[in-house]
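Here's a quick briefing to read alongside the model. Have the viewer open and follow along.

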Amino acid sequence: MEGKKIIFICSRLDTPGGIERAVVNTANLFAQKGHSVILLVADVMGNNRSCYPVHPAIQLDLRPFSFGIGISGNAISRKIRLYQDIQALKKYLKNQAADLLITTEYPFSVAAVLSGAGKKARIIAWEHQHFNWVKKNKFWSWLQEKTYPRLEQIVCLNKMEAGYYKRYTRVSVIPNFIDQVYENHQSYDKKQILTVGWLIHRKGTDLLLPVAKTILNKFPDISWKLVGDGELKELVQDFIRNENLGGRLLLQSPGETDIDSVYRETGLFVLPSRNEAFPMVLLEALSYGIPCISFNCPSGPSDIITNKEDGWLVEAENPALLTDTIIQVLNEPDQRVRMSKNALKNIRRFDKENIYPLWATLLNNLQRK
């Protein structure tokens with residue numbers, strides 16, 4: 001499939017999330033490998049800025065497609081909007097004459113099938129979220145059941161997620177990747193713990209706060225930086241104020257953060273999520289040689305962290321055990337040195353040049369059909 005025209009359909013790219021980074025990284029990689037790439041951004045907000053650098057050869061195309069997803073309108077008006085956007089997508093794709101369509105969320109996958117795009121292009125649904133976390137109403141669940149068997153392929157980030165989709169059609173497992181390994185960074189002498197993620201229930205923000213309180217009270221020379229935004233932001237701010245943790249538990253907006261500098265100041269990364277799929281933040285932290293502690297939630301962390309080698313996997317949603325593990329790690333600097341070196345070695349299996357062949361194999365197999 002070298003030199004083919006590939007269209008990614010994705011949501012707004014102006015927010016600093018893991019899915020956005022994975023989509024842009026992969027689109028960039030395809031462009032570097034000689035493909036013609038379009039990022040079709042279905043963004044009703046009208047913001048065509050990307051938080052992450054986009055390869056100059058990529059066409060960034062903003063379209064106000066909502067496919068009837070959202071809280072505005074009513075059940076009838078949303079279905080009308082879905083029909084209208086499917087027709088608009090059909091016209092757009094006909095003019096583009098793409099060889100491959102990669103959809104990054106279920107409404108886009110459903111709409112692509114219903115637009116008839118599969119008659120001319122191969123449609124791949126690229127699933128980024130934990131299957132059981134994505135909640136759909138009966139109408140969208142019915143549409144998914146009807147359209148997903150008509151997809152050419154579904155790409156999941158790990159084997160557990162792939163298991164949920166095998167009843168629909170062929171499934172491939174292709175992990176996210178990193179662009180670079182920062183071998184010169186020494187994390188084990190840093191006094192900062194880091195957590196990066198949306199401040200929401202799914203990301204375990206509420207579980208993290210009592211853990212941070214205990215750790216910061218026990219280790220007065222340690223700080224904990226929380227980079228994120230979301231509906232629990234006020235909860236975090238109130239907690240910092242009420243527990244007198246100002247200057248120690250540090251909250252930063254992701255849009256105003258130089259994340260490279262933050263990683264370089266960090267000695268330990270903590271992920272308290274209730275569920276994931278393949279968290280980019282763990283890949284990024286390990287690429288800086290930062291040992292990671294994560295709840296062993298479904299799914300993804302156990303596919304990235306090698307337990308007790310470059311990080312630690314803790315029983316899911318167990319703040320007490322998470323606290324005990326962090327205390328043990330902070331009290332054993334020699335172990336952190338070993339973990340840091342292992343992180344830089346182990347993360348190379350997710351280098352882009354090791355992951356691209358998985359995509360290339362998939363694309364070549366599609367071409368031969």
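Before we get to individual residues, a word on labels: helices and strands here are DSSP runs, with at least four residues for a helix and at least two for a strand, numbered from the N terminus. By that scheme, Trp126 sits in strand β5, which covers residues 122-126. Keep in mind that this is a predicted model.

**Overall build**

- The protein has 13 helices and 13 strands. Its radius of gyration is 21 Å, close to the 21 Å that the globule rule gives for 369 residues, so it is as compact as a globular protein of that length.
- If you're setting up a box, the C-alpha trace spans about 60 × 45 × 40 Å along its principal axes.
- Of the 369 residues, 54% are buried.
- Take the contacts between residues at least 6 apart in sequence: 68% of them join residues at least 24 apart.
- The accessible surface is about 16,400 Å², and carbon and sulfur atoms account for 49% of that.
- On the charge side, there are 47 positive and 38 negative charges, and their mean positions lie 8 Å apart.

**Helix α7: one face in, one side out**

- Which residues of α7 are buried? In this helix, spanning residues 233-242, they are Val236, Phe239 and Ile240. Looking down the axis of α7, these buried residues fall within an arc of 100 degrees, so they line one face of the helix.
- The general geometry helps here: an α-helix has 3.6 residues a turn, so residues three or four places apart point the same way.
- The other side of α7 has Glu234, Arg241 and Asn242, which are exposed.
- What do the buried residues of α7 pack against? Their partners are helix α6 (205-218) and strands β9 (223-227) and β10 (249-252).
- After α7 comes Asn244, with a positive phi near 55 degrees.

**Leu250 in strand β10**

- Leu250 belongs to β10, one of the elements that the buried residues of α7 pack against.
- Leu250 itself is partly exposed, at 26% relative accessible area.
- Leaving aside residues up to four places away in sequence, Leu250 touches Trp224, Lys225 and Leu226.
- For a distance check, Leu250 and Gln180 are 70 residues apart in sequence, and their C-alpha atoms are 27 Å apart.

**Helix α9: buried from end to end**

- Why call α9 largely enclosed by the rest of the structure? Eight of its eight residues (280-287) are buried, so the label fits.
- The list runs Met280, Val281, Leu282, Leu283, Glu284, Ala285, Leu286 and Ser287. Note that Glu284 is among them.
- Zoom in on Ala285, which is part of α9: its relative accessible area is 0%, and it counts as buried.
- Outside its sequence neighbors up to four places away, Ala285 touches Tyr263, Phe269, Ile290 and Cys292.
- The C-alpha atoms of Ala285 and Asp324 are 21 Å apart, with the two positions 39 residues apart along the chain count.
- Gly289 follows α9 and has a positive phi, near 75 degrees.

**Trp126 in strand β5**

- Is Trp126 buried or exposed? With a relative accessible area of 1%, Trp126 is buried, as the cut-off for buried is under 20%.
- Not counting residues up to four places away in sequence, Trp126 touches Phe8, Ala22, Val23, Thr26, Ile102, Thr103, Thr104, Val155, Leu157, Asn176 and Trp359.
- Trp126 and Glu105 are 21 residues apart along the chain, yet their C-alpha atoms are separated by 7.1 Å.

**Backbone spots to check**

- The peptide bond from Pro298 to Ser299 is cis, with omega near -10 degrees. Ser299 lies in the loop between β12 (292-295) and α10 (301-304).
- Phe67 isn't a glycine, but its phi is positive, about 50 degrees. You'll find Phe67 in the loop between β3 (59-63) and α2 (75-96), and at 1% relative accessibility it counts as buried.
- Ala97 is another non-glycine residue with a positive phi, near 50 degrees. Its loop runs between α2 and β4 (100-103), and Ala97 is exposed, with a relative accessible area of 55%.

Notes. Residues are numbered from 1 along each chain as its sequence is written. This is a predicted model: local features need pLDDT of at least 70, side-chain atom pairs count only at pLDDT 80 or more; totals for chains, interfaces and linings use all residues. Side-chain values use heavy atoms; hydrogens and water are left out. The radius of gyration is taken over C-alpha atoms; the globule rule is 2.2 Å times the number of residues to the power 0.38. Buried means under 20% relative accessible area, exposed over 50%, partly exposed in between (1.4 Å probe, protein chains only). Contact means heavy atoms within 4.5 Å. Accessible areas come from the Shrake-Rupley method with a 1.4 Å probe; for residues, only the protein chains shown count as cover. Lys and Arg count as positive and Asp and Glu as negative; His and the chain ends are not counted. The place of a charge is taken as NZ of Lys, CZ of Arg, CG of Asp or CD of Glu. The arc is that of the directions from the helix axis to the C-beta atoms.
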